[in-house]
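Trainee: Hi! Could you walk me through this model?
Mentor: Happy to, let's open it up.
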Amino acid sequence: MSRQLIVAGNWKMNTNLKEGIKLAKGVSKKTKPSDPLVIMAAPATHLHAVAEVVKDIPGIQVAAQNCSQELSGAYTGEISVGMIKAIGAKYVILGHSERRQYFKEGNALLAKKVKTVLDNSLLPIFCCGEPLAVRKAGNHARHVSKQLREGLFHLSKKDFAKVVIAYEPIWAIGTGVTASPEQAQEMHDKIRKMIVRKYGDKIADNTTILYGGSVKPANAKVLFSQPDVDGGLVGGASLKADDFVKIIKAR
Ligand code: PGA
């Protein structure tokens, strides 16, 4: 698949069903086919309803925020790829730093989840990014490289070509501190070069790499205009339709 401009909203554990439907409707009313692809990662309880709201709008897709690596069975509380697919979602966010930190999801587990998602015709949005201490020590590229090697680089070329990557420095998530456009570009360029080394120029050039971490209407344009930043994964600012729409239209 070719590189695509994407603006994805990660609602996290926010909104009730009514609020979620209102938000999805508010965003869909204002988006146009010429906008970047819009993805709404709603809570699992709203996915079906949100998918219904956007089902006839070609430029909007729905994502789950996580899934099980198992296909079905006695896994209380988990959600399978089959369930996600059946309600019309196309993407699954995997490896968000909150899943890594609070739910102890490591690279080995994420490698399994990525494979399960792709084997079942869904598309992963794979998150990577370093904590502040790692950035301060100057080890951010090494940290992200390990996340990619252990979580993604087991994939065949054909499968890897379907993956969307989101670089989200943990120190920028929900903190109001955004990576500077130069910091974002530097890491996105490094990530693309890591992909070149593993999968070659063509696949690397076609890989969509999103930036995440305090993306707002005020900083989206400058971030998205960096040559290796292909859009954003937006948390807080995706919860207000007006702000999210401004980010979608930022470029
Ligand atoms: P934020 O979250 O935009 O609220 O910083 C981004 C994310 O966690 O994906």
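Mentor: A polar contact is a pair of N or O atoms within 3.5 Å; within protein, one must be able to donate a hydrogen and the other to accept it, and residues adjacent in sequence count only if both atoms are side-chain atoms. This is a predicted model, where local features need pLDDT of at least 70, side-chain atom pairs count only at pLDDT 80 or more, and totals for chains, interfaces and linings use all residues. Residues are numbered from 1 along each chain as its sequence is written, and side-chain values use heavy atoms, with hydrogens and water left out.
Trainee: Thanks! How far is the polar side-chain atom of K12 from an oxygen atom of the ligand?
Mentor: The two are 2.7 Å apart.
Trainee: And what does the backbone do at G174?
Mentor: There, a backbone N or O atom lies 2.6 Å from a ligand oxygen. G236 also takes part, with a polar backbone atom 2.8 Å from an oxygen of the ligand. The protein buries 95% of the 280 Å² that the ligand exposes when taken alone (Shrake-Rupley method, 1.4 Å probe).
Trainee: New topic: how many disulfides does the structure hold?
Mentor: It holds 0 disulfides (pairs of cysteine sulfur atoms within 2.5 Å). For C67, the nearest cysteine sulfur, that of C127, is 12 Å away.
Trainee: Why is there no bond between C128 and C127?
Mentor: Because their sulfurs are 7.5 Å apart, too far for a bond.
Trainee: Is C128 buried or exposed?
Mentor: C128 is buried, at 3% relative accessibility (buried is under 20% relative accessible area, exposed over 50%, partly exposed in between, with a 1.4 Å probe and protein chains only). C67 is buried too, at 2%.
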